[in-house]
Amino acid sequence: MAKIKLDEIDHQILDMLIDNTRIPFTDIAKKLLISAGTVHVRVKKMEESGIIRGSSLTLDYKKLGYSFIAYVGVYLNNTSQTQFVLERINEIPFVTVAHITTGKFNIFCKIRGRNTEHAKEVIFKLDEIEGVYRTETMISLEESINDKKRLMHSIFNEM
């Protein structure tokens, strides 16, 4: 895949959007001393090239009653079942992330629940999926770092 060329203005626009995805284009334009139309055109170009893929909303899961986090390693009977199992996992809304992995597990998932009882129900749903041999769970005591902004800033500073 070809690397997309971005100029300094694009970097500055991205920097501001990383910090606040809801910042109005007019505010970006004022800070960069360019027109809001220029910001709009550049953001549209970055969206069309696939650099920007939507925006996200950050929720406080504790305040919503979903502070319990666990990581579940999924062992499969056969690796050829990976896609089928991922499709079933995708039907469980409390599994928020799933990775196909090498090493110990075939699939590694992050789940979010209300409490241990709720997490147990989610894990049992994973266990019940056809093709799952067994699971192994690790409970998160605290999500100490979850900061994509630092990574995005670092990537764009290197460009």
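Phe108 counts as partly exposed, because its relative accessibility is 23%, and buried residues must fall under 20%. This assignment, like the others in this report, refers to a predicted model.

**Aromatic cluster**

Phe108 belongs to one aromatic cluster, whose other members are Tyr71, Tyr75 and Phe105. A pair of aromatic rings is described by two quantities, the distance of the centres and the angle of the planes. The pairs within the cut-off for ring centres number four in this model. One of them joins Tyr75 and Phe105 in an edge-to-face arrangement, with 5.3 Å centre to centre and 70 degrees between the planes. Tyr75 lies in strand S1, whereas Phe105 lies in the loop between strand S2 (95-100) and strand S3 (107-113), so this pair ties together parts that are 30 residues apart in sequence. Phe105 also pairs with Phe108: the ring centres are 5.6 Å apart and the planes stand at 25 degrees, so this pair is stacked.

Burial can be stated for three members of the cluster. Phe105 has a relative accessible area of 10% and is therefore buried. Tyr75 is likewise buried, because its relative accessibility is 12%. Phe108, at 23%, counts as partly exposed.

**Charges over ring faces**

Tyr75 takes part in a further arrangement, since the side chain of Arg134 lies over the face of its ring. An arginine is also placed over the ring of Phe84. The two cases are listed below.

| Charged residue | Ring | Distance from the ring centre |
|---|---|---|
| Arg88 | Phe84 | 4.3 Å |
| Arg134 | Tyr75 | 4.2 Å |

**Thr82 in helix H4**

Helix H4 spans residues 82-89 and includes Thr82. Is Thr82 buried or exposed? With a relative accessibility of 12%, Thr82 counts as buried, because the limit for that class is under 20%. Which residues does Thr82 contact when its neighbours within four places in sequence are left aside? The contacts are with Leu76, Ile100 and Ile107.

**Nonpolar surface patch**

Leu57, Leu59, Tyr61 and Leu64 make a nonpolar patch of about 400 Å² on the surface. Within this group, Leu59 is found in the loop that runs between helix H3 (36-48) and strand S1 (68-76). Leu59 has a relative accessibility of 40% and therefore counts as partly exposed. This value is consistent with its place in the patch, because patch residues must have over 30% relative accessible area.

Conventions
Residues numbered from 1 in each chain as written. Predicted model: local features only at pLDDT ≥ 70, side-chain atom pairs only at ≥ 80, totals over all residues. Heavy atoms only, no water. Patch = residues over 30% accessible without salt bridge, like charges linked within 9 Å, V, L, I, M, F, W, Y side chains within 5 Å. Areas by Shrake-Rupley, 256 points an atom, 1.4 Å probe, with all protein chains shown as cover. Salt bridge = Lys/Arg side-chain N within 4 Å of Asp/Glu carboxyl O. Helix = DSSP H or I, 4+ residues; strand = E, 2+ residues; numbered from the N terminus. Buried < 20%, exposed > 50% of the residue type's maximum accessible area, 1.4 Å probe, protein only. Phe/Tyr/Trp six-rings, centres within 6.5 Å; stacked < 30°, edge-to-face > 60°. Lys NZ or Arg CZ within 6 Å of the ring centre and 35° of its normal. Contact = heavy atoms within 4.5 Å.
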